[in-house]
Amino acid sequence: MFERLGRRLAGSVLIWTLVLTCLALRSTTWLRLWLAYGHELTLQQARIPWPLYGVVVVVWTIVFLLLHPQRALFSSPLVETIGRLVAAVTLSVLIFAGILYFSFRDISRLQFLYFASIDLVLLLVFYTLVRMWLEFGKRHIQQRRTLIVGDTEEVEQLVRELERRPWVGIEVIGYTSDQPGGDTEVPCLGHIDETVRVVKEQAIDEVIFVTQQQEQIVRISMQLVHEPVMIHMVPRLLDLAFARTPIETLGRIPLISLRESALTEPQRALKRLFDIVGSLLLLILFSPLMLLIAIAIKLDSPGPVLFLQERIGEHGRRFKMIKFRTMYQDAEHRWQEVAQRNAHGQLIHKRENDPRITRVGLKLRRTSLDELPQLFNVLRGEMSLVGPRPEIPYIAQEEYEPWQWQRFRVPPGITGWWQVNGRSNKVMHLHTAEDLYYIQNYSFWLDLKILWMTLGAVLRRQGAF
């Protein structure tokens, strides 16, 4: 996770490096004509041939990937970064000069000097601004609160690596250990057996295990399954040899993520883009209908138009899901009236002929129009158009087996594989298999298929109540 983020940021810096370098080369045409030095040239003579822009992109890309000043920007002191940058620009310019000597020898020497100077100045300013932005972000942007679990020596090493990488957005709150009270830069917050308590009290977002006690890792990880935290571990040598999950590195430290998203970065980017475009278009399309529904709800019964309910989303994080209100105001306090248990003692909290539902609410549920405001959840990134439905916290806490929490490895959705294969005819937490099938077989085309099947299910009013 950490090194992937570093590579993405370094890749973005490299792209901007190439853009600025091409702009520097382009500016030499006008600079050569504007400054009254050397022989007078026409615009045609001063114009840089387009193939040279391709040469510059190739040369600068190769040299910067070899010397990688863009990566040093995120992991090394500023002086070292600037040194690498100057060396990379110098080597690139020298290679470019050799290429010009054997090809485009009619390029003005003044233009070449202008290009080298402008490119170096632009990149120095750009890299300095990026570094200032990183330092600003470290102090002002909200970071993920992290707890380290393990021995003092390993904790110290990990803290040093994290301090060298402020761009990962990690703030180490403290650590828990079998030998609390060691001399470290971060405070010891308790014994290793108190990890779950510390996670709750300190509102921890990330837990990193650096202990080699595998039994402790398994036990505490199972206790943390109900908490909205990401879990990582520093593996043993044997784990590295047989690990089947992707291994990241933080400096010289390998890390395995025990609770990682089921989506790859390209899949997540495509899904998020589709969610933003789709939710915006649907909100525009249905805005007149949503206004009429709001008026009908107000006329039908007292209370707010919208109903906000806490749900569990990706990685166990909680959020407020938005729906049109379909029940009377006191419905939340009357859930015992409809909550039942099946023959196996499992909770069923939803049924037909629910006495808490209003007249307008019944029609909205039959047509699934009460779900429309969740498009705002999608736009805010809390939900997706397609995915497992977000669960009610008390049901997840009381009824879920540890393996069922795997359904929270992707963003929750307005519709999903479970809904189009039975909807309310099936109780969500008793049919996790459908959600796990979706996660294991995820593709963008499966999302499109589910959306198409959802349209048919809504028109047939299948299982909606």
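Here is a friendly round of questions and answers about this predicted model.

User: Let's begin with charged pairs. How many salt bridges does the structure hold?

Analyst: Side chains of opposite charge can pair when their charged atoms come close. Here a Lys or Arg nitrogen has to lie within 4 Å of an Asp or Glu carboxyl oxygen. By this rule the count of salt bridges is 13.

User: Which residue meets Glu 201 in a salt bridge, and how far apart are N and O?

Analyst: Glu 201 is exposed, at 54% relative accessible area. Its partner belongs to the same helix, α8, and because the two are four residues apart, about one helical turn separates them. That partner is partly exposed, with a relative accessible area of 34%. The residue is Arg 197, and the N to O distance is 2.8 Å.

User: Where do the two ends of the salt bridge between Arg 268 and Glu 314 sit, and how many residues apart are they?

Analyst: The side chains of Arg 268 and Glu 314 meet at 2.6 Å, N to O. This pair links distant parts of the chain, with Arg 268 in helix α11 and Glu 314 in the loop between β8 (306–312) and β9 (318–324). Their separation along the chain is 46 residues.

User: In that pair, is Glu 314 buried or exposed?

Analyst: Its partner Arg 268 counts as partly exposed, at 26% relative accessibility. The limit for buried is under 20%. Glu 314 has 15% relative accessibility, so Glu 314 counts as buried.

User: What is the N to O distance between Glu 310 and Arg 318?

Analyst: Glu 310 is partly exposed, at 33% relative accessibility. Arg 318 is partly exposed too, with a relative accessible area of 44%. Their side chains meet in a salt bridge, and the N to O distance is 3.3 Å.

User: Which residues are linked with Lys 323 in a network of salt bridges?

Analyst: Besides the pairs above, the model has a network of salt bridges that includes Lys 323. The residues linked with Lys 323 are Asp 370, Glu 371 and Arg 389.

User: Turning to rings, how are Phe 126 and Tyr 127 arranged?

Analyst: A search of the whole structure finds ten aromatic pairs. In the pair of Phe 126 and Tyr 127, the ring centres are 5.8 Å apart and the planes stand at 80°. Planes over 60 degrees apart put a pair in the edge-to-face class. The arrangement of Phe 126 and Tyr 127 is therefore edge-to-face.

User: What is the relative accessibility of Tyr 127?

Analyst: Phe 126 is buried, with a relative accessible area of 17%. Tyr 127 counts as buried as well, and its relative accessibility is 1%.

User: Which residues form an aromatic cluster with Trp 60?

Analyst: Trp 60 belongs to one aromatic cluster. The residues in it with Trp 60 are Phe 96, Phe 112 and Phe 115.

User: What is the span of helix α7 from its first C-alpha to its last?

Analyst: Helix α7 covers residues 152–163, which is twelve residues. Among its buried residues are Val 155, Leu 158 and Glu 161. At 1.5 Å a residue, 16 Å is expected, and the helix comes close to that value with a span of 16 Å.

User: Which residues share the nonpolar surface patch with Leu 280?

Analyst: Leu 280 lies in helix α11 (residues 265–300). Leu 280 counts as partly exposed, at 40% relative accessibility. The patch has about 430 Å² of accessible area together, and the residues sharing it with Leu 280 are Leu 273, Ile 276, Val 277 and Leu 281.

User: What is the phi value of Ser 368?

Analyst: Ser 368 is in the loop between α12 (359–367) and α13 (374–379), and Ser 368 is buried at 15% relative accessible area. Its phi is positive in a residue other than glycine, with a value near 65°.

User: Where is Ala 203, whose phi is also positive?

Analyst: Phi of Ala 203 is near 50°. Ala 203 is partly exposed, with a relative accessible area of 48%. Its place is the loop between α8 (195–201) and β4 (206–209).

User: Finally, how many disulfides are there?

Analyst: A disulfide is a covalent bond between the sulfur atoms of two cysteines. Cys 22 is buried at 19% relative accessibility, while Cys 188 is partly exposed at 27%. The number of disulfides in the structure is zero.

Key. Residues are numbered from 1 along each chain as its sequence is written. This is a predicted model: local features need pLDDT of at least 70, side-chain atom pairs count only at pLDDT 80 or more; totals for chains, interfaces and linings use all residues. Side-chain values use heavy atoms; hydrogens and water are left out. Patches are made of residues with over 30% relative accessible area and no salt bridge: like charges are joined within 9 Å, nonpolar side chains (Val, Leu, Ile, Met, Phe, Trp, Tyr) within 5 Å. Accessible areas come from the Shrake-Rupley method with a 1.4 Å probe; for residues, only the protein chains shown count as cover. Buried means under 20% relative accessible area, exposed over 50%, partly exposed in between (1.4 Å probe, protein chains only). A disulfide is a pair of cysteine sulfur atoms within 2.5 Å. The expected span of a helix is 1.5 Å times one less than its number of residues. Rings of Phe, Tyr and Trp (its six-membered ring) pair if their centres lie within 6.5 Å; planes under 30 degrees apart count as stacked, over 60 as edge-to-face and the rest as tilted.
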